[in-house]
Amino acid sequence: MWACNVWIPFSLLCCLASVISVSALSQEEPQMGSVRVVFQTNYGDIEFGFLPTVARKTVDHIFKLVRLGCYNTNHFFRVDKGFVAQVADVVGGRTAPMNEEQRREGEKTVVGEFSDVKHVKGVLSMGRFEDPNSAQSSFSMLLGDAPHLDGQYAIFGRVTRGEETLKKFEQLPTRREGIFVMPTERITILSTYYYDTEMESCETERSVLKRKLAASAVEIERQRMKCFP
């Protein structure tokens with residue numbers, strides 16, 4: 001009935017503990033994909049990556065909007081210090097007009113991909129209405145831990161750079177409208193670009209693209225002021 005005592009080398013125990021620790025970590029920390037997106041705002045850049053194993057459909061949806069340039073001239077409509085900085089829906093949030101494809105994609109909804117990943121500082125979480133499948137293009141960057149959101153909103157990525165920019169957001173004056181705390185100054189996403197961290201030759205192309213997109217943003221705004229005063 002009683003099992004015999006078995007001597008196990010200490011080194012083997014350490015190895016087993018390490019494997020268990022790594023396994024637990026992999027469950028708690030889903031792997032981030034290699035693609036990075038950069039939002040160039042009038043207060044600095046913010047870079048984030050995706051969690052495709054957590055919310056594949058949401059990642060595909062947001063990345064397509066980025067590739068189409070839908071977030072260019074959009075803005076952060078909400079900045080609640082220590083809680084969230086929220087990007088507006090691209091339909092209605094941009095200052096530049098949208099073409100047909102941008103509008104069509106911006107109006108699409110994505111199924112609610114709720115997971116066990118926690119709402120901690122730095123994660124990206126989709127905004128939505130009461131319908132769990134009503135998320136479109138608005139999402140929040142968590143400025144602090146928010147466990148009360150866990151399991152109710154789809155987490156799809158994490159901020160990888162730009163914490164100083166987010167801190168600048170938190171220092172801006174705000175006003176309250178209902179449940180929303182909103183900056184009194186517009187935080188504009190001037191332009192966006194993306195790159196792949198696994199591409200060794202990406203740095204040069206990224207630098208060139210960044211300059212081109214910055215110039216494009218200026219031209220878009222100039223045309224907007226001229227044609228849509």
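How does K64 count at 30% relative accessibility: buried, partly exposed or exposed? Select K64 and look: K64 counts as partly exposed. Here buried stands for under 20% relative accessible area, exposed for over 50%, and partly exposed for what lies in between, with a 1.4 Å probe and protein chains only.

Before going on, a word on what is on your screen. This is a predicted model, in which local features need pLDDT of at least 70 and side-chain atom pairs count only at pLDDT 80 or more, while totals for chains, interfaces and linings use all residues. Residues are numbered from 1 along each chain as its sequence is written, and side-chain values use heavy atoms, with hydrogens and water left out.

**Stop 1: the whole chain**

Show everything as a cartoon. You'll find six helices and ten strands in the chain. Both kinds are DSSP runs numbered from the N terminus: helices are H or I with at least four residues, strands are E with at least two. Of the 229 residues, 45% are buried. Now switch on a surface: the chain exposes about 13200 Å², and carbon and sulfur atoms supply 56% of that. Those areas come from the Shrake-Rupley method with a 1.4 Å probe, and for residues only the protein chains shown count as cover. Contacts (heavy atoms within 4.5 Å) are worth a thought too. Among those in the chain with a separation of 6 or more, 68% are between residues 24 or more positions apart.

**Stop 2: K64 and its partners**

Go back to K64 and add E105. The two form a salt bridge, with their closest N and O atoms 3.3 Å apart. This pair links distant parts of the chain: E105 is in helix α4 (residues 100-106) and K64 in helix α2, 41 residues apart. A salt bridge here is a side-chain nitrogen of Lys or Arg within 4 Å of a carboxyl oxygen of Asp or Glu. At 6% relative accessibility, E105 counts as buried.

Next, select K108. Its side chain meets that of E105 in a salt bridge too (3.1 Å, N to O). K108 is partly exposed, with a relative accessible area of 38%. Keep K64, E105 and K108 on screen together and you have a network of salt bridges.

**Stop 3: E29 and R158**

How many salt bridges does the structure hold? There are nine. For another of them, pick E29 and R158, whose side chains meet at 3.2 Å, N to O. This pair also links distant parts of the chain, 129 residues apart: E29 is in the loop between α1 (10-28) and β1 (35-41), and R158 is in strand β7. E29 is partly exposed at a relative accessible area of 45%, whereas R158 is buried at 17%.

**Stop 4: along β7**

From R158, extend your selection to all of strand β7, residues 155-161. The strand is mostly covered, with five of its seven residues buried. Now bring in strand β2 (residues 44-50), which runs antiparallel to β7 and is joined to it by four bridges. Two strands count as paired if DSSP finds at least two bridges between them. Zoom in on F50 and you'll see it opposite G157 in β7. β5 runs antiparallel to β7 as well, with three bridges joining them. Here, S125 stands opposite I155 in β7.

**Stop 5: over to β6**

Strand β5 covers residues 123-126, and three bridges join it to β6 in the antiparallel sense. Click M126: its bridge partner in β6 is F139. Then add strand β4 (residues 84-87), which pairs with β6 in the antiparallel sense over four bridges. A85 stands opposite M141 in β6.

Show the side chains of β6 (residues 139-142) next. In a regular strand the side chains alternate between the two faces of the sheet. In β6, F139 and M141 are on one side and S140 and L142 on the other, and all are buried.

**Stop 6: two threonines**

Select T73, in the loop between α2 (56-67) and β3 (75-80). What is its phi? T73 has a positive phi of about 70 degrees, although it is not a glycine. Most residues other than glycine have a negative phi. T73 is buried, with a relative accessible area of 4%.

Last, find T192 in strand β10 (residues 187-196). T192 is buried too, with a relative accessible area of 5%. Which residues is T192 in contact with, leaving aside its neighbours within four places in sequence? Light up V38, F39, V66, Y71, N72 and L213 to see them.
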